[in-house]
Amino acid sequence: MPEPQKPAAKGDETAAAPAVQKERVPAEDQQLSQPSGVFVERPQSATATKGKDITFVAKVDSSNMAKKPTMKWVKGKWLDLGSKAGKHVQFKEVYDRNTKIYTYEMSIIKVVDGDAGGYRCEVTAKDKSDSCTFEVSVEAAAGEQQDNILEAFKRSGDAGEDAGELDFSALLKKREKKQKVVEEVEVDVFVILKDAKPCDYERIAFEYGITDLRGLLKRLKKMKKVEPKKSDAFLRKLDAAYSVDKGKKIHLSVEVADPNIPVRWLKNGQEIKPSAKYVFESVGNKRTLTINKCNQSDDAAYECVVGEEKSFTEVFVKEPPVTITKPLDDAHTVAGQKVEFEVEVSEEGANVKWMKDGVELNKETAGSRYRFKKDGKRHILIVNEATKDDIGTYHALTNGGESKAELEVEDKELEVLQSIADLTVKAAEQAVFKCEVSDENATGKWLKDGVEVQPSDRVKITHFGRTHKLMIDDVAPSDAGDYSFVPDGYALSLSAKLNFLEIKIAYVPREDPPKIHLDASGRGSDNTITVVAGNKLSLDVEITGEPAPTVCWRKGNQVVSEGEGRVRVESNKSLSSFIIEGAERGDEGLYSISVTNPAGEDTAELTVKIVDVPNPPENVRCTSVGEYSGTITWDPPAFDGGVPIKGYLMERRKVGSPRWTKLNFDVHESTTYEAKRMIEGVLYEMRVFTVNGVGVSQPSATSQPFMPIAPTGEPTRLTVDDVTDTTCALKWRPPEKIGAGGIDGYIIEYCKEGSDQWAQANEEPVGKNQYRVKGLPLGERMLFRVTAVNIAGRSPPATLSQAVTIREVVENPKIRVPRHLRSKLIARVGEKVNLVLPFQGKPRPVATWSKDGVLLEDKTVGTRTSDVDAILFIRSAERTHSGKYTLSVRVEDTLDSADLHIQVVEKPGPPVAVRVADVWGTNAALEWKPPKDDGNCEIIGYTVQKADMKTKDWFTVVEHNRRPGCTVSDLVMGNEYLFRVFSENICGLSVVPGISENTAVVTKTGLSHHRPPFKEMDVNCPPKFTAPLMDRSVVAGYSTAISCAVRGCPKPKITWMKNNMIIGEDPKFMMQNNQGVLTLSIRKPGAFDGGKYSCRAVNDLGEDAVECKLEVHVVQEKGAETKK
């Protein structure tokens, strides 16, 4: 039999499907040819040759999709191959407009052993999703030798050296002789393997020259048809896997055979409880688990358990791609400066990969040169002290996009402030080469004719600040040559020539008048030199004259000294240098230079002007605020630095915060600025900088704290409450929008109809929501408006929609008697009486009070009248205050009145003429007369008490007796009794009782009573249940109790049992015995708590028992209940 062909990749010229697939069983081919879901063609498992290319193809039909589908290729369970796209893994997408089919290709270039394993492709659309899996096996190329046999022991998978299974396929070698024999004898090796034992698989494969043992086992497994075990509980199980986007919801559904059977859902082996996130649904045979707002914690294995059977699935939660919302910007910098690349992504906490020229940058490889920073959605790459090596293209990569930027680094330029000049010196003189550069820290070398000059006793090299000097004493002819200064680290060289002058002729002195050659280039016509404060001024003035003239510099009348000092003069025969180190404002002024020799004199004047950064602005203050803004004003600085002011820069901060925020980057020319985008109700501070041509000043003094506050909204529901001949009462509601500033009060304004001249009615804001405007002209039509006021100013006004005529409207008087005053008012003596009767009428009614038809003049009764009500008050009521009170209100000729009935009561007096009318047997008849004082109300009864003359203790025998007489029974023979009677009304019993005038003597009749001898009763008895246990039916989850009653002496011992098993110290049960009443409480019973409960009582004389049956009903789910 020939050796099975190896599958070729699509990238090869002769690419084809694996040979193993050509020998599939027909039924299997038919099954694979029928795509399911949205796939038209699925990628198939294949075996790739190491070092060659392979391509997998998937086709998706989008004719029924609302949006373009999204394809995702995954290796293993989590690895998204989209993030690995590059030279090794490549992707391609093609769309056919005619068939509306998307073709997706994934190519693996130069397959390696690590590419072996399981793969999955997922396609998702708006309302559809599908996925499929396939395997990739890697085999060595033909003829490849393993130099080291240990390298042949590879593990499958890509999780590391300790993951996967050992793969020995590389150790299997081909036997050509065996293959030739197999070719002669055509035997189907798979038929032999199907009937062979698993322990013989390796021997048979070796015998027939099959080296791909793993591929052989996989094909053999596919050939064996295993009939799936039919489920008794499930009609339809869960799919093998589900995929859902992060934040969306997913439905997992099964169909069960029994519609009434309960199901359980498990997540990673733990049971799921119903909640807002996990929703269970049961409709007929369908059971659905809905997971809302999926996140990474929901990416897990799920099970649906029905009885003993389970259905498994996996849910994969896909995170949305992280996109770049703010791309990188190109950077241009100078060597040694810090550079920051900033990118902003769509989600916080996202992973961003940084690369430079295709090489990944991370904390391990970047070292101290690069730093990575995260701030919410912002990711920053910081390059410390950029150099030429940092030039290149920088990439920021996410799983949903990338951004790139270029970095250019230039060498730091060194500015030459003073170059070295050629020198001509004579023998034994000193030669000084001097130069000045901008960087004080710059170092360098002095060269002569290209050779570095070394210091010695005659040659001195100095470096002071920005000045570099080379001094040669006692110049000799050998010192002549080309001298240069080369700064370290800069492509710069300063050169000059030293000429040795040898005098060979006799010197003939001559006289030339001195001359000052003042270079006026770069200066004004008035020889003005402008210097920035802090900088150095070095003015070289060429002087001629013979003999050498004497030079004198003056500032006013003061001579500038030569030699050392901040302001000094350095002179030689032909050059005088005026130097100011670190110029100050005091150095400003008029300077003069004079040169003299025997032949004459010359003078020149020049003006030195010192310019500096200006002083900070003064008096920074906030003049007004808005809801989110504030207006800042300041005064210009007292000193502008000597040059015109260009503008101002502003900063603000929250009070208590150390961080200042710049408000403008371009200078602001005005001295007023409106700061915006502030938070209402937060205190802010401001400071201002002055900018001129020299630089930026120090910050000004911080302004007083201010708070952005907006005026409130307009008041609402402005209405007219009342109008008189000269006044108008208004009322309104507070504004709907008040804000952080609150409301300080309201301003009321009015004007005549047709006019716009508004007059303010109140000088100070009123705090109430009502106000009466006074002093209005009679008969005029007036308009009114109300404005709310707070610290931010006035709100928009609320104006009446119609004008109001200032004229009081006549309204008939009407008294509105409260419901509780429509009947008689009963008050006790000493109580306070305060009655309020509201009335209405216009103009203001005149109210009068009368009692029993007579004008009220009692000074103990007070009255008070307002515009809308009348008050009658009595501080301490007396019985004389009882009667009918009448309130009359009059408006012009119209009158209305109302009557109030007041009754003041107190406790009654005692009954009179109490006596014992008759005595018979053990009875006594009493009689009395009603009290003289009934307390100004009806007597509702009497209370009778008796007292034995021996003990004098009083006992009540009759209460609430309505009649003025009663009979007292059950008196003891031989005793004498005294009686007293209390009268009673609505205030209670009388304070003093009426005592009977005579006593009742109950005489003995001679009867004697023989008491039988006492016989002690035997109370011992066996237990006996007086109340049995009753059968009960309860609902599961609700606590219940069963009870019975028992008696017995001595006290019996009680035992509770469930299904004839004694209930011990179970916290679910609580047993109580209260005076023989026995109670068993069951806390939240379940279905397993049902059964037969019994109670047994035992003592020395016997025992007794009772029992009952307890049924526990479990409430079924709503869906199942509806089905029933």
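Is Cys121 buried or exposed? At 0% relative accessibility, Cys121 counts as buried in this predicted model, and the sulfur of Cys132 is the closest cysteine sulfur to that of Cys121, at a distance of 3.0 Å. Because a disulfide requires sulfur atoms within 2.5 Å, this separation is too far for a bond, and the structure as a whole holds zero disulfides. Cys435, with a relative accessible area of 0%, is buried as well.

**Confidence**

The mean pLDDT of the protein is 82, and 88% of its residues reach 70 or more. Residues 173–185 stay under 50, and for this stretch the model has 16 contacts beyond four places in sequence. Residues 520–525 also have a pLDDT below 50, with four contacts in the model beyond near neighbours in sequence. Where pLDDT is low, the predicted coordinates should not be read in detail.

**Nonpolar cores**

The largest nonpolar core has 26 residues, of which Phe39, Phe56, Val60, Met71, Trp73 and Met106 touch the most other members. At least two residues of this core come from each of several strands, including S3 (54–61), S4 (70–75) and S7 (101–108). Leaving aside residues up to four places away in sequence, Met106 touches ten residues by name: Ile54, Thr55, Phe56, Trp73, Leu81, Val89, Gln90, Phe91, Tyr119 and Phe134. Another core, of 23 residues, lies apart from the largest one and has Val861, Ile874, Val889 and Ile902 among its members.

**Strand pairing**

An open sheet of five strands follows the order S64-S71-S70-S66-S67, with mixed pairing. Strand S64 (825–828) and strand S67 (854–855) stand at the edges and have a single partner strand each, so one side of each is left without a neighbour in the sheet. Within the pairing of S64 with S71, Ala827 stands opposite Val904.

Further along the chain, strand S89 is paired with both S82 and S88. The bridge partner of Val1035 in S89 is His1113, whereas Cys1095 stands opposite Val1106 in S89. S88 and S89 form a hairpin, with two residues between them. The pairings described here are set out below.

| Strand | Partner | Sense | Bridges |
|---|---|---|---|
| S64 | S71 (residues 894–905) | parallel | four bridges |
| S82 (residues 1032–1035) | S89 (residues 1102–1113) | parallel | four bridges |
| S88 (residues 1091–1099) | S89 | antiparallel | nine bridges |

Notes: Residues numbered from 1 in each chain as written. Predicted model: local features only at pLDDT ≥ 70, side-chain atom pairs only at ≥ 80, totals over all residues. Heavy atoms only, no water. pLDDT = per-residue confidence, 0-100. Contact = heavy atoms within 4.5 Å. Core = buried A, V, L, I, M, F, W, Y, C linked by side-chain atoms within 4.5 Å. Buried < 20%, exposed > 50% of the residue type's maximum accessible area, 1.4 Å probe, protein only. Pairing = 2+ DSSP bridges.
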